[in-house]
Amino acid sequence: MTMWNDRFKNEKYVYGTEPNVFLKEKQSLLSGEVLSIAEGEGRNAVFLADQGLSVTAWDYAEYGLDKVDKLAAKQNVRVNTELVDLAEAQWQQNRWDGIVNVFGHFPGEIRHKTIKGVKEALKPGGYFIAEVYSHYQIPYGSGGPKEVDFLYRPEDFLQEFSDWRIVHFFMGEVTRHEGDLHNGLSHVIQFIGQKP
């Protein structure tokens, strides 16, 4: 937690204030109450709230959530913020109409626990939208964790969500310019799944 609080404690938004490009393209699938996990400084949650959604942002860095609140106030929208460590998260069954994960990276055990939580907590018919760095990302040097255990593999989505309707799956190169820390050619996985 200390690393993330240190990263977020300055006034500057290290990932910028504009939403992720993929999320911006696909947000029309979302409706109702949406959860954004590992939200960071709020750029995606605030964007979704601006589209008229009821948004809750989870993060485990208090300074990040403070910045979510500030950005929401600046944009004149409301985002519900909750200090949540995904290692200990309590997932309510059929709670959310949509769940979003944009570059939320965790060690393998927490990643699998989080994916299981997403599957449980989404309402039937709801969508899970994710863009994350793949296990090929490290040599690109354009952002994300430096340890492969924190990065995603196709099976994290294709196997775990094999019983869902897979609306979109992509693994490959994209260019991202998101603040200081996501910059340049990157190797990502994009996933959209709809719970049956």
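A residue counts as buried when its relative accessible area is under 20%. By that cut-off, nine of the 12 residues of strand β5, which covers residues 122-133, are buried, so the strand is largely enclosed by the rest of the structure. The model discussed here is a predicted one.

Strand β5 has β4 as a partner: the two pair in the parallel sense, and six bridges join them. One position can be used to locate the pairing by eye, since Gly98 stands opposite Tyr127 of β5. In a regular strand, side chains alternate between the two faces of the sheet.

The chain leaves β4 (96-102) and enters the loop that leads to α5 (108-121), and His105 is found in this loop. Is His105 buried or exposed? Its relative accessibility is 14%, below the 20% limit, so His105 counts as buried. The side chain of His105 makes two polar contacts with backbone atoms. One is with the backbone nitrogen of Tyr133, at 3.3 Å. The other is with the backbone oxygen of Phe150, at 3.0 Å. When neighbours within four places in sequence are left aside, the residues in contact with His105 are Val132, Tyr133, Pro145, Phe150, Leu151 and Tyr152. Tyr133 and Phe150 thus appear in this list, and Tyr133 falls within the range of β5, residues 122-133.

Phe103 lies in the loop between β4 and α5 as well. Phe103 has a relative accessible area of 10%, and because this is under 20% the residue is buried. Its backbone deserves a look: phi is positive, at about 50°, although Phe103 is not a glycine. Most residues other than glycine have a negative phi. Asn94 is another non-glycine residue with a positive phi of about 50°. Asn94 is found in the loop between β3 (79-83) and β4. Its relative accessible area is 34%, so Asn94 is partly exposed.

The loop after β4 also leads to the largest pocket, which holds about 810 Å³ of space. The pocket is lined by 37 residues, and those closest to its centre are Met3, Trp4, Phe103, Gly104 and His105. Which elements give two or more residues to the lining? They are α1 (2-8), β1 (33-37), α3 (43-50) and β2 (54-59). The largest share, four residues, comes from α1. By class, the lining of the largest pocket has 21 nonpolar, eight polar and eight charged residues.

The second largest pocket has a volume of about 170 Å³. Its lining is made up of Thr17, Glu18, Pro19, Lys24, Arg43, Val46, Phe47, Asp50, Leu71, Lys74 and Gln75. Two elements, α3 and α4 (62-74), each give two or more residues to this lining. The largest share here comes from α3, with four residues. In this lining, four residues are nonpolar, two are polar and five are charged. Helix α3 is also among the elements that give two or more residues to the lining of the largest pocket.

Note on methods
Residues are numbered from 1 along each chain as its sequence is written. This is a predicted model: local features need pLDDT of at least 70, side-chain atom pairs count only at pLDDT 80 or more; totals for chains, interfaces and linings use all residues. Side-chain values use heavy atoms; hydrogens and water are left out. Buried means under 20% relative accessible area, exposed over 50%, partly exposed in between (1.4 Å probe, protein chains only). A polar contact is a pair of N or O atoms within 3.5 Å; within protein, one must be able to donate a hydrogen and the other to accept it, and residues adjacent in sequence count only if both atoms are side-chain atoms. Contact means heavy atoms within 4.5 Å. On a 1 Å grid over the protein atoms alone, a cavity is a set of points where a 1.4 Å probe fits but cannot get out, and a pocket is an open set with protein on both sides within 12 Å along at least five of seven lines; lining residues have an atom within 4 Å of a point. Grid points are joined across faces, edges and corners, and a volume is the space filled by probe spheres set on the points. Ala, Val, Leu, Ile, Met, Phe, Trp, Tyr, Cys and Pro count as nonpolar, Asp, Glu, Lys and Arg as charged, and the others, Gly among them, as polar. Two strands pair if DSSP finds at least two bridges between them.
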